[in-house]
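User: Hi! Could you take a close look at one part of this model for me, the place where the two chains meet?

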Amino acid sequence: MQDAAEGNATSGGAPFLEIISLVKSFGGVRAVDHVDLVLDTGAMRCIIGPNGCGKTTLFNLITGYLPPSSGDIRYRGQSIVGRPLHKIAADGIVRKFQVPSVFPEMTVEDNIRAAAGVRHGRSVASPAELLDMVGLTKNRRHMAGTLSHGEKQWLELAMVLSTAPRLILLDEPAAGMTRTEKTETVRLIHEIRRETNVAALVIEHDMAFVAALDCPISVMMLGRIVASGDYDTVRRDPLVREAYLGAVNG
Amino acid sequence: MKLSSATLVGLVALIFFVVLPFIVSDWVAADFGIYFAYALFAVSLCFVWGHAGLLSLGHAVYFGIGAYAMSLVTLGMVPGLPELHSTWVGLAAAIVLSTVAAAVVGWFFFANRGLKGAFLGIVTVALAVIVERLAINSSYLGGMNGLMSVPPITLGLNGDGPEIYDPLPIYYIGLTLLAVAIAAMMRVSASRFGVSLAALRENELRLWTLGHDVAKLKIAAFALSGGLAGLAGAFFVVQFGFAAPSLIGFSLSADVLIWVALGGRNALIAAALGAVAVRFLESRLSNLMGATWPLVLGMVFMASVIFFPKGIFGELIDRLDRWRDRANG
């Protein structure tokens with residue numbers, strides 16, 4: 001498979017993705033409150049935190065679905081705040097939604113064809129290779145709406161990859177999956193990163209899944225990033241234990 | 001190569017319509033020439049509504065623009081060009097003007113606005129009503145009376161040469177136009193552009209967040225559909241000989257919506273057959289039923305929406321699909 005993340009290097013040594021003091025307010029509520037975050041080319045980071053802590057809002061801001069109230073998002077050395085959503089995606093920041101978002105009345109094959117329309121010259125694996133990667137070759141003629149929940153998640157992942165992204169935003173990629181499917185998804189994400197060197201931000205609740213991804217973690221609470229580090233460091237953080245891990249893991 | 005069920009139904013229909021003039025009178029064949037123009041119109045709406053998911057309740061605007069453009073050219077009414085009477089220029093003007101009009105309307109509706117669903121439907125209805133009023137109030141377009149004595153198709157470059165008004169040649173020109181248009185639009189639907197339009201219908205946000213400029217896609221779909229409707233309008237008026245404001249307004253827009261819904265909006269051929277079937281039944285039953293025909297059509301429409309939401313021919317194609325799937329294991 002060819003390198004989908006080719007051309008990731010940024011000019012002037014600027015970080016690949018730099019989020020600077022980002023704020024998003026809804027009325028009196030600050031869903032995202034002065035978040036700073038840096039992601040290097042080809043790097044992966046998990047973002048964890050309790051429901052309503054601002055994780056998905058952060059994704060909405062990065063992808064241009066929502067405008068920030070203040071702060072900046074710099075991608076490959078340039079601010080992307082205010083750019084249209086489709087232009088941000090066409091430039092390589094592509095998102096997988098929490099609820100599998102596919103084209104249900106179209107075949108699996110056509111889902112990939114429709115997704116792969118905009119690449120701006122970036123090379124990418126063929127649809128057949130992508131379907132093979134996510135294990136859906138046998139389902140290629142089936143309607144996407146007839147797939148199981150896990151298969152839809154994988155199909156959406158293949159759709160995202162078909163755009164030759166430089167950065168993928170995975171919003172709870174293992175939500176609603178069985179244990180076996182989760183294991184397969186971890187394997188898939190590792191394979192994707194090995195094959196394409198695509199950078200990734202991953203929102204996830206399942207701590208076993210996060211541990212298996214084996215990447216740096218940022219913890220969000222009430223719109224702020226309150227802790228960062230590897231899995232063990234984050235797990236030992238008293239604030240995190242009390243507010244999130246403690247509640248999850250007992 | 002395995003043919004789709006829609007293609008199979010289309011081929012059977014094509015054979016049927018090729019043979020039909022040998023069975024029926026020329027008078028009936030002449031009616032079918034008009035029905036084919038309506039069917040072409042239904043195909044244009046089916047593409048934008050059924051395939052791309054954009055509900056246009058004012059699609060007669062583009063049909064009417066095509067009809068008026070052809071009429072103005074062939075009647076020698078183009079300002080500054082009184083000698084111009086060419087059917088070919090009229091045809092080109094009909095297609096170009098209706099395409100441009102649909103693109104401009106599409107740009108107004110979709111660029112930076114994202115009008116969709118019921119809101120799009122309401123605005124398109126308003127557009128049809130406004131354009132119909134404009135046509136009625138335009139003395140240049142003949143006002144309420146419209147443009148009369150529109151010449152038939154003439155083969156010469158500028159309205160000279162042999163005229164085609166015999167029912168049989170018109171019938172086969174219409175059938176060829178319709179078959180070619182359906183085949184071409186099926187190719188477009190299966191192309192990457194067409195697949196993107198289907199995706200637009202299914203999940204606009206997903207397509208948008210994959211990097212597609214959905215506004216451009218919608219405008220392109222509208223323009224293509226508008227051009228086809230304009231072609232239908234032009235072919236209609238050279239047979240009918242009369243372009244009236246009713247061709248550009250709400251009433252015909254509602255009619256075509258019913259033909260497409262009854263035939264089936266999931267397949268272009270189903271929509272075309274819906275138009276032909278409704279118009280044929282209307283011509284036969286309206287004589288028998290008189291004023292009660294619209295009532296019967298309305299009831300059939302409601303029953304179809306409830307029992308055959310995919311339309312009558314759409315349901316047939318769907319069942320054929322499932323039967324063939326089962327037969328192939």
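Analyst: Happy to; here is a walk across the interface of chain A and chain B. This is a predicted model, in which local features need pLDDT of at least 70 and side-chain atom pairs count only at pLDDT 80 or more, while totals for chains, interfaces and linings use all residues. Residues are numbered from 1 along each chain as its sequence is written, chains are lettered from A and ligands numbered from 1 in the order in which they are written, and side-chain values use heavy atoms, with hydrogens and water left out.

In chain A, 27 residues are in contact with 19 residues of chain B (contact means heavy atoms within 4.5 Å). Together the two chains bury about 1,900 Å², and 63% of that lies on carbon and sulfur atoms; buried area is the accessible area (1.4 Å probe) that two parts lose on being put together, summed over both. On the chain A side, A:His86, A:Phe103 and A:Arg113 lose the most area to chain B, together 29% of what that side buries.

As for polar features, the rule finds 1 salt bridge across the interface, where a side-chain nitrogen of Lys or Arg must be within 4 Å of a carboxyl oxygen of Asp or Glu. A:Glu156 and B:Arg206 form a salt bridge through their side chains, at 2.4 Å from N to O. By class, the side of chain A that touches chain B has 16 nonpolar, 4 polar and 7 charged residues; here Ala, Val, Leu, Ile, Met, Phe, Trp, Tyr, Cys and Pro count as nonpolar, Asp, Glu, Lys and Arg as charged, and the others, Gly among them, as polar.
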